[in-house]
Amino acid sequence: MSFAFVFPGQGSQAVGMGRDLADAFPAARHVFQEVDDALSQKLSKLMWEGPQEELTLTANTQPALMAHSLAVVRALEAEGGFRLAERVALVAGHSLGEYSALTAAGAFDIPTAARLLRLRGEAMQKATPPGTGAMAALLGAELDLARAICAKAATDPETGNTDIVEAANDNGGGQVVISGAKAAVERAIEIAKAEGVKRAMLLPVSAPFHCALMAPAADAMAEALAKADLRAPSVPVVANVTAAKATAPDEIRDLLVKQVTGTVRWRECIAAMAAMGCDRFVELGAGKVLTGLMKRNAPEATALAIGTPADVETFLKGL
């Protein structure tokens, strides 16, 4: 049995997230305090009490999801003596979850990860004027078809002008998210319907993540990551943009910058981890989005989610 630990990205947040962990485990409580202190903000209060619209602001969502994931990791360590470096073969995270994965593996400390994710959220939000970008989910489309739809949608048939629209997330199981200029994304939705894609719909997001429009945010992250203390992770991370293992700090810095504008190759990340012998995937933190995707991408593997005290106890008993 070989474990891969995976960490969720944006969309998994919910008011109340992590509160029961803080109540149950001192080690988890300490994580939330570390994040609050690093950001000079009571982010934990916002996570536990809302309001939802403030929690959903990407500058809050990103460190909040990391805090919940690391609270689970620390609870496993403190309650069951679980040592990630000894028991886990690989880590990976979806978009911002890559920072959670790296922090769990000791590449970043928690305050550094919190500050980087706050900056990442702010930089992504500032990269495009409000209302000019959009993202859409294409359900029932594989990556090649999604890319062909984007290529066709990039040109405005009335003016001949071209806009950015690209594949942002290849989640697998026929689920691809596209991102770009709002008009181009809307054209892509209509083209997708004409191509027989089962469902194509706009997503309720505040900016067009993981496309070339995020170049200013990538520049901001390059500057911040150049100064950040980043150590080699205790286990390799499977990177979003390459779907391959990475351990060297300079390479990881480069990949995290590329990730801001690049496609999240999640389907390929799971396939790579399965090919490297991982047969048990554990999602740590809020929600069960990745666990659901796992059933489509690696049906022969076991997938489970740990986000609550009961989940922590069940997992530790099963070891």
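Select His-210 and Gln-259: the His-210 side chain reaches the backbone oxygen of Gln-259 at 2.7 Å. Keep in mind that this is a predicted model.

**Stop 1: around His-210**

Stay on His-210. Now add Ser-95. The two side chains make a polar contact at 2.7 Å. Which stretch of chain carries His-210? His-210 is found in the loop between β6 (199-202) and α11 (215-227). Despite the loop address, His-210 is buried, at 3% relative accessibility.

Next, show the neighbours that are over four places away in sequence. Ser-95, Arg-120 and Glu-166 are among the residues in contact with His-210. The run Ala-167, Ala-168 and Asn-169 touches His-210 too. So do Val-260, Thr-261, Gly-262 and Val-264, along with Gln-259.

**Stop 2: the cysteines**

Step one residue along to Cys-211. Cys-211 is buried, with a relative accessible area of 0%. How far is its sulfur from the closest cysteine sulfur? The distance is 9.7 Å, to Cys-150, which is too far for a bond.

Jump to Cys-269. Cys-269 is buried as well, at 0% relative accessibility. The closest cysteine sulfur to that of Cys-269 belongs to Cys-278, 12 Å off, again too far for a bond. Overall, the structure holds zero disulfides.

**Stop 3: helix α13**

Cys-269 leads straight to α13. Colour its buried residues: Trp-266, Cys-269, Ile-270, Ala-272 and Met-273. They sit on the same side of α13, because they cover an arc of only 160° around the axis. Now show what covers them. The cover includes strands β1 (3-7), β2 (88-93), β4, β7 (237-238) and β9 (280-284). Helix α14 (289-297) is part of the cover too.

Just after α13, click Gly-277. Its phi is positive, about 100°.

**Stop 4: helix α9**

Select α9, residues 143-153. Which of its residues are buried? They are Leu-143, Ala-146, Ile-149, Cys-150 and Ala-153. Look down the axis of α9: these residues fall within an arc of 125°, so they line one face of the helix. Turn to the other side of α9. There, Asp-144, Ala-151 and Lys-152 are exposed.

Bring up the cover over the buried residues of α9. It includes α13 (266-275), the helix of the previous stop, and α10 (182-194). Strands β3 (133-139), β4 (165-170) and β5 (175-181) are also included.

**Stop 5: the nonpolar cores**

Which residues have the most contacts inside the largest nonpolar core? Select Phe-5, Leu-76, Val-91, Phe-108, Val-312 and Phe-315. The core has 77 residues. Helix α5 (residues 58-80) gives the most to it, with ten residues.

Zoom in on Val-312. Beyond its neighbours within four places in sequence, Val-312 is in contact with Leu-21, Phe-25, Val-72, Ala-75, Leu-76 and Ile-306.

Apart from the largest core lies another, of 23 residues. Ala-141, Ala-167, Ala-184 and Val-185 are among its members. You have met Ala-167 already, in contact with His-210.

**Stop 6: the whole chain**

Zoom out and switch to cartoon. The chain has 15 helices and ten strands. Its C-alpha atoms fill a box of roughly 60 × 45 × 35 Å along the principal axes. The radius of gyration is 19 Å, which agrees with the value near 20 Å for a compact globule of 319 residues. Of those residues, 56% count as buried.

Finish with the contacts. Among those with a separation of 6 or more, 75% join residues 24 or more positions apart.

Terms used: Residues are numbered from 1 along each chain as its sequence is written. This is a predicted model: local features need pLDDT of at least 70, side-chain atom pairs count only at pLDDT 80 or more; totals for chains, interfaces and linings use all residues. Side-chain values use heavy atoms; hydrogens and water are left out. Helices (H or I, at least four residues) and strands (E, at least two) are DSSP runs, numbered from the N terminus. Buried means under 20% relative accessible area, exposed over 50%, partly exposed in between (1.4 Å probe, protein chains only). A polar contact is a pair of N or O atoms within 3.5 Å; within protein, one must be able to donate a hydrogen and the other to accept it, and residues adjacent in sequence count only if both atoms are side-chain atoms. Contact means heavy atoms within 4.5 Å. A disulfide is a pair of cysteine sulfur atoms within 2.5 Å. A nonpolar core is a set of buried Ala, Val, Leu, Ile, Met, Phe, Trp, Tyr and Cys residues joined through side-chain atoms within 4.5 Å. The arc is that of the directions from the helix axis to the C-beta atoms. The radius of gyration is taken over C-alpha atoms; the globule rule is 2.2 Å times the number of residues to the power 0.38.
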